Amino acid sequence: MATNAAVLESTRPKAAVHTASKATPQPYMNSYLAGIGLGLVLLAAFVIMGRGLGASGAFSTLVSSGVAAIAPEHAAGNPFYSEYVGDGTTSPFKDWLVFEVIGVFLGGFLSGTLSGRVKWMVEKGPSITTRKRFYFAFLGGGLMGFGAKLARGCTSGQALTGGALLGAGSWAFMMCVFAGAYAFAYLMRRQWQ
Amino acid sequence: MTAPFFKFGYFSEDIGLVLAIVIGIGFGFFLEQAGFGSGRKLAAQFYFTDMTVLKVMFTAIVTAMLGVFWLGVAGVLDLSLVYVSPTYLWPQIAGGLVLGAGFVIGGYCPGTSCVAVSTGKADALVYLGGILAGIFVFGELFPAIEEFYISSAYGTLTLPEVFHLPYGVVVFAVVVMAIGAFAAAEWGERKMAQKKENKT
């Protein structure tokens with residue numbers, strides 16, 4: 001306890017000097033308040049649009065359109081791609097989720113700017129190199145992309161949206177997300193701690 | 001019944017796209033305010049040192065769930081017009097497990113990686129590249145896994161139907177469960193903080 005306080009004291013002046021030139025990052029919002037805010041946004045989507053939030057769907061549109069641009073016949077012959085590409089009468093990017101995800105980028109930037117948290121950096125624990133962190137980030141993203149497609153949605157579309165609407169599959173999915181993450185947490189401890 | 005507004009034709013699809021951006025901004029704003037632009041904070045959930053993910057997620061679910069329920073009771077929102085993702089049990093169980101592994105390995109989920117990128121996290125940008133690659137692999141394998149993908153289909157199945165309970169009873173049960181989870185999370189965080197303090 002005493003040593004801990006001493007360490008804090010010795011690092012404090014340095015940290016203050018370092019951040020004094022830039023905006024000091026604000027503390028995060030109270031978790032329950034942020035949760036209520038998020039819940040009200042989700043409720044607004046239900047009331048206004050009759051649908052919930054999402055994220056991974058917009059990336060499926062991006063991938064499918066990319067495949068269709070490079071190999072149109074290949075994409076047309078694959079029901080997964082062709083569903084996102086559509087019949088060609090309208091642009092596949094003229095899609096609710098695509099616009100919503102553009103908003104997510106904007107909203108995140110707005111919040112980060114207001115709270116002084118926009119900073120070019122790498123999120124990782126102290127005992128892993130940036131290169132290794134990038135490998136794991138790519139691998140994790142890959143599993144996330146694959147898993148989200150298999151489950152027909154990610155933490156936004158299934159867990160949050162389906163959870164609030166009491167969808168049976170969404171709740172099974174949510175439990176499995178936590179189970180999968182906790183199962184691999186020990187293996188990944190050096191990356192984060 | 002006057003909601004959902006879009007389903008009653010109160011505005012065009014193009015206006016809907018503008019509203020999508022507005023709703024997305026709100027979504028991204030609260031994700032970032034909650035601290036979900038940080039992979040370390042998100043991953044801490046899986047080491048029991050910071051239970052923010054659980055607290056924010058369940059508060060959001062309970063808030064929206066109660067809103068939908070009471071607006072339905074008040075006759076404002078026609079619940080049958082709100083899209084509920086159909087249940088495909090085994091693909092969702094398998095997908096959830098793979099996605100969960102990806103969460104702790106990569107540090108983000110798709111939505112949180114967007115706000116991480118927009119607040120300057122380089123690893124989140126790499127992670128987004130990974131998501132695109134994962135979706136591409138899924139797309140390429142789709143003909144081979146389509147049979148599994150459409151298996152165990154139960155249609156739009158909800159928990160009240162599964163447990164043969166009234167909607168309101170399940171809503172109440174979820175609220176009780178969430179309060180229990182919050183209490184456990186607060187207790188766990190205190191325990192982990194004590195443990196850390198004793199170590200140093």
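Mentor: Before we begin, a polar contact here is a pair of N or O atoms within 3.5 Å, where within protein one atom must be able to donate a hydrogen and the other to accept it, and where residues adjacent in sequence count only if both atoms are side-chain atoms. The model we are reading is a predicted one.

Trainee: With that rule in hand, how many residue pairs are in polar contact across the interface of chain B and chain A, and which helix gives the most to the side of chain B that touches chain A?

Mentor: Counting pairs in which both residues reach pLDDT 80 or more, the rule finds 46 residue pairs in polar contact across the interface of chain B and chain A. On the side of chain B that touches chain A, 25 residues come from a single helix, which gives the most, and this is helix α6, residues 122-149.

Trainee: How do the residues of that side of chain B divide by class?

Mentor: The side of chain B that touches chain A holds residues of three classes, and the charged class has 12 members. The remaining classes on that side are polar, with 32 residues, and nonpolar, with 82.

Trainee: How much area do chain B and chain A bury between them, and which residues of chain B lose the most area to chain A?

Mentor: Chain B and chain A bury about 10800 Å² between them, and 76% of that area is on carbon and sulfur atoms. In chain B, three residues that together account for 7% of what that side buries lose the most area to chain A, namely B:Phe27, B:Tyr47 and B:Ile105.

Trainee: How many residues does each chain bring to the contact?

Mentor: The contact is made by residues from both chains, with chain A contributing 117. From chain B, the contact takes 126 residues.

Trainee: Which salt bridge joins helix α7 of chain A to helix α6 of chain B?

Mentor: Over all chains the count comes to six salt bridges, and three are found across the interface of chain B and chain A. One salt bridge pairs the side chains of A:Arg117 and B:Glu32, at 2.9 Å from N to O. Another is formed by A:Arg133 and B:Asp123, whose closest N and O atoms are 2.7 Å apart. Because A:Arg133 lies in helix α7 of chain A and B:Asp123 in helix α6 of chain B, the pair that joins the two chains in this way is A:Arg133 and B:Asp123.

Trainee: How many cavities of 30 Å³ or more does a search of the whole structure find, and which residues are the closest to the centre of the largest cavity?

Mentor: The search of the whole structure finds one cavity of 30 Å³ or more, and about 140 Å³ of space lies in the largest cavity. Among the 15 residues that line the largest cavity, the closest to its centre are A:Thr155, B:Leu31, B:Phe36, B:Cys109 and B:Thr112.

Trainee: Which helices each supply at least two residues of that lining, and how many charged residues does the lining have?

Mentor: At least two residues of the lining of the largest cavity come from each of α8 of chain A and α1, α3 and α5 of chain B. By class, the lining has 11 nonpolar and four polar residues, and the number of charged residues is none.

Trainee: Which residues are the closest to the centre of the largest pocket, and which element gives the most to its lining?

Mentor: About 1300 Å³ of space lies in the largest pocket. Of its 47 lining residues, the closest to the centre are A:Arg51, A:Glu83, A:Tyr84, A:Leu97 and B:Tyr83. The lining divides into 21 nonpolar, 17 polar and nine charged residues. With five residues, the element that gives the most to the lining of the largest pocket is α5(A).

Trainee: Staying with that helix, which residues does A:Val85 contact, leaving aside its neighbours within four places in sequence?

Mentor: A:Val85 lies in helix α5 of chain A, residues 79-85, and its C-alpha atom is separated by 8.3 Å from that of A:Ala75, 10 residues apart along the chain. With those sequence neighbours set aside, A:Val85 is in contact with A:Ser64, A:Ser65, A:Ala68 and A:Pro92.

Trainee: Which residue of chain A has a positive phi although it is not a glycine?

Mentor: The residue is found in the loop between α7 and α8 of chain A. Its phi is about 65 degrees, and the residue is A:Arg152.

Key: Residues numbered from 1 in each chain as written. Chains lettered and ligands numbered in written order. Predicted model: local features only at pLDDT ≥ 70, side-chain atom pairs only at ≥ 80, totals over all residues. Heavy atoms only, no water. Contact = heavy atoms within 4.5 Å. Buried area = accessible area lost by both parts, 1.4 Å probe. Salt bridge = Lys/Arg side-chain N within 4 Å of Asp/Glu carboxyl O. Nonpolar A, V, L, I, M, F, W, Y, C, P; charged D, E, K, R; others polar. 1 Å grid on protein atoms, 1.4 Å probe; cavity = no way out; pocket = protein on both sides within 12 Å on 5 of 7 lines; lining within 4 Å. Points joined across faces, edges and corners; volume = space filled by probe spheres on them.
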